[in-house]
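Trainee: Could you take me through one part of this structure slowly, beginning with a single residue and its surroundings and then moving outwards to the elements that lie around it?

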Amino acid sequence: MAKKKKKMEFETMQVKLPHVKGLSIVLPVIYILWVAVMYYLLLPALNIHSRGLWLFVLGVILFPLGIIGALVSAARKAEGKSAGKLEKPVNGIFAAVGVIGILFLILLFYGSKMFHAQAYADILTIEDSDFNSDINTASSVSKIALMDTDSAVLLGNREIGSLSEVVSQYNVSEDYTQIDYQGAPTKVSALEYAGFFKYMGNKENGVPGYITVDPVGQKAQYVPVKEGMIYVPSAYFDKDLRRHIRMNYPDKLFGNLHFEVDEDGKPYYIASVYKYTIGLFGGETVEGAISCDPISGDCQYYDASEVPNWMDDVFDGDLLVEQYNWYGELSNGFMNSIFGKKGCKKCTETVVEDEDGDEESYEANFGYVAKDGDIWIYTGVTSVNDDASNIGFILVNERTSEAHYYSIAGADESSAMAAAEGEVQEKGYRASFPSLINVDGQPTYIMVLKDASGIVKLYGMVNVESYNMVTTAASLDECFAKYRKMTGSDGTENTGNPEEAENSSGDSNITAGNAQTAAKGKTIPEGETETRSFVISEMQYVEIAGETYVYLAGDDGMVYWQKFSDNEQLIFLHEGDTVTVNGIMDKDNIYWIDTIGIMQ
């Protein structure tokens, strides 16, 4: 019986031996092919700042290599041979995985805001600017772009639906880009293959055209190209646009891949090239851009300071909002952003519902302003306390990242949208994210109101500083005329200023006489400061000669004022707060506030 058992073991070893020898040769070949295929699919940038590269090295190269070594070692032991020569390299590979993983976490932690708060705050340079100087007064609203991306998608699909020879093979991409085309704001989007099999049947001819949408005239147009676009995001294999750019620029960290056209209507895809300025993965910003001609495949890299004027979306709006939030929250240090939060501010956020309309989340939102041949994003700036008021707003150039800040207190965009919806609440219309215009020196939100199917039904205008001043109308021109009449900027008597109506009731401590006296000239009175404490019975924001002033009516019967730009902490005050001020009373019995504190 013992002899038979030994004979079976010998036969088993004879069967395993050629299998083990083949395995030791085949596994490395499979491994090399695995690495090549995964690189082709994942396309990590060959750059130490690429998170994808680190994960590729750990997950695709080192870990499987260790597994292969362990399998070969186990096979040799089963064969009855010593595995001592393999154990050390295998153990070394697993040790390398652990060391690189720990190093990755250390570098990730080192680049955090905790250690480099000021460096994060300094990435975006903010320039204080005057609203009336930067934004020209609108003499009409006939050339204001009010269309959001959802409306552009509806118009684009409707336009392509009328072209039977195109719609059967292609879709319109929903990734519309806002550009300035020949001096006018325009939304553009390329066609895309309607699936893999449609690509296989049309890859030789390419994508035949793109869609332009006029956000002013609310019209879409299909623009065919003379030669088909071959290198596009919806293509496959070597004609996939991302893969094509990666093979040309293997070390670049690119993203924000989008479609644009130059001033002659020639199509291009643009990829922003990013860099990290803090540690390994911190302080993201743009260092340049890559343009790709989708017809020929020719690519060109530009430094950020040298991108052509026709390129409009180099600095993505989401990135610019994030960079401003770093500035607003970290300028006074990391610990202040967590605890004291003195002077902390951020871009406004809008509520987003999920598909079922149940759960809500907050995300940054912004509008677009066409200015000086470029596209600028704008968004309100509010305190980090998530109130419904803005302390100002910013305009940031998407081509150059030039950023302007305007200290104008008023309603945030969500409040303005709600105010416009409230004017026609019985109809259930929803307001789009507003645009910002200058109406006779008054910052004004202007927006469209749409029904449940996304069709524009009305237009609305809301005063930024007094968001209960709202007008709606079926046409832009009518809405504009009604708004100017309400504000009195058309030369007629003001018919809707809530401040005027409130003053006429006789219940307000901030009277029309006080406001007129204050408007004569805002100079700091002379004299010695005195300390006074009172309860705020009323607050008002008043714009005088382009500056915003805050007026407080106290329960002591006096009125106090301070320039808002001198103390943005005034935004935290509310009616009913008890405050202590140091100030000087002028000849009109109005106190100028030097310093102010809230009594706990």
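Mentor: In this predicted model, let us begin with Tyr560, which, once its neighbours within four places in sequence are set aside, is in contact with Arg532, Phe534, Val550, Tyr551, Leu552, Gly554, Val581, Tyr591 and Ile593. Tyr560 also belongs to the largest nonpolar core, a set of 42 residues in which Tyr324, Leu552 and Tyr560 touch the most other members. The element that gives the most to this core is helix α10, residues 317-330, with 4 residues. There is also a second, separate core, made of 41 residues, and among them are Val153, Leu155, Ile245 and Cys299.

From helix α10 we can move to the sheet on which it packs. Four strands form this open sheet, in the order β7-β8-β9-β10, and their pairing is antiparallel. Strands β7 (253-261) and β10 (299-303) stand at the edges with a single partner strand each, so one side of each has no neighbour in the sheet. From one strand to the next, the twist averages 30 degrees. As general background, the strands of a sheet pair through backbone hydrogen bonds, and they may do this in a parallel or an antiparallel way. Here, strand β9, residues 282-292, pairs with β10 in the antiparallel sense over 5 bridges, and you can find one such position by looking at Gly288, whose bridge partner in β10 is Asp303.

Two helices can be placed against these strands. Helix α9, residues 241-248, lies across β7, β8 (267-278), β9 and β10, and runs at about 125 degrees to β7. Helix α10 packs on the sheet as well, touching β8 and β9, and its direction makes about 155 degrees with that of β9.

Strand β8 also leads us to the aromatic rings, for which a search of the whole structure finds 24 pairs. One of these pairs joins Tyr268 and Trp310, with 4.9 Å from centre to centre and 35 degrees between the planes, an arrangement that counts as tilted. This pair links distant parts of the chain, since Tyr268 is in strand β8 while Trp310 is in the loop between β10 and α10, 42 residues apart. Tyr268 has a relative accessible area of 16%, and because buried means under 20%, Tyr268 counts as buried. Trp310, at 17% relative accessibility, is likewise counted as buried.

For another geometry, look at Phe366 and Tyr368, which form an edge-to-face pair at 5.8 Å centre to centre, with 85 degrees between the planes. Phe366 is buried, with a relative accessible area of 12%, whereas Tyr368, at 30%, counts as partly exposed. Elsewhere, ring pairs link Tyr170, Tyr193, Phe196, Phe197, Tyr199, Tyr236 and Phe237 into a cluster.

Rings can also be found beneath a charge. The charged end of Lys113 sits over the ring of Tyr120, at 5.5 Å from its centre, and Lys345 lies over the face of Tyr405, at 4.8 Å from the ring centre.

To set these details in the whole chain, you may note that it has 15 helices and 29 strands, and that 48% of its 600 residues count as buried. Among the contacts between residues at least 6 apart in sequence, 54% join residues at least 24 apart.

Terms used
Residues are numbered from 1 along each chain as its sequence is written. This is a predicted model: local features need pLDDT of at least 70, side-chain atom pairs count only at pLDDT 80 or more; totals for chains, interfaces and linings use all residues. Side-chain values use heavy atoms; hydrogens and water are left out. A nonpolar core is a set of buried Ala, Val, Leu, Ile, Met, Phe, Trp, Tyr and Cys residues joined through side-chain atoms within 4.5 Å. Buried means under 20% relative accessible area, exposed over 50%, partly exposed in between (1.4 Å probe, protein chains only). Contact means heavy atoms within 4.5 Å. Two strands pair if DSSP finds at least two bridges between them. Axes are lines fitted to C-alpha atoms, for helices over the stretch in contact, and angles run from 0 to 180 degrees between N-to-C directions. Rings of Phe, Tyr and Trp (its six-membered ring) pair if their centres lie within 6.5 Å; planes under 30 degrees apart count as stacked, over 60 as edge-to-face and the rest as tilted. A charge sits over a ring if NZ of Lys or CZ of Arg is within 6 Å of the ring centre and within 35 degrees of the ring normal.
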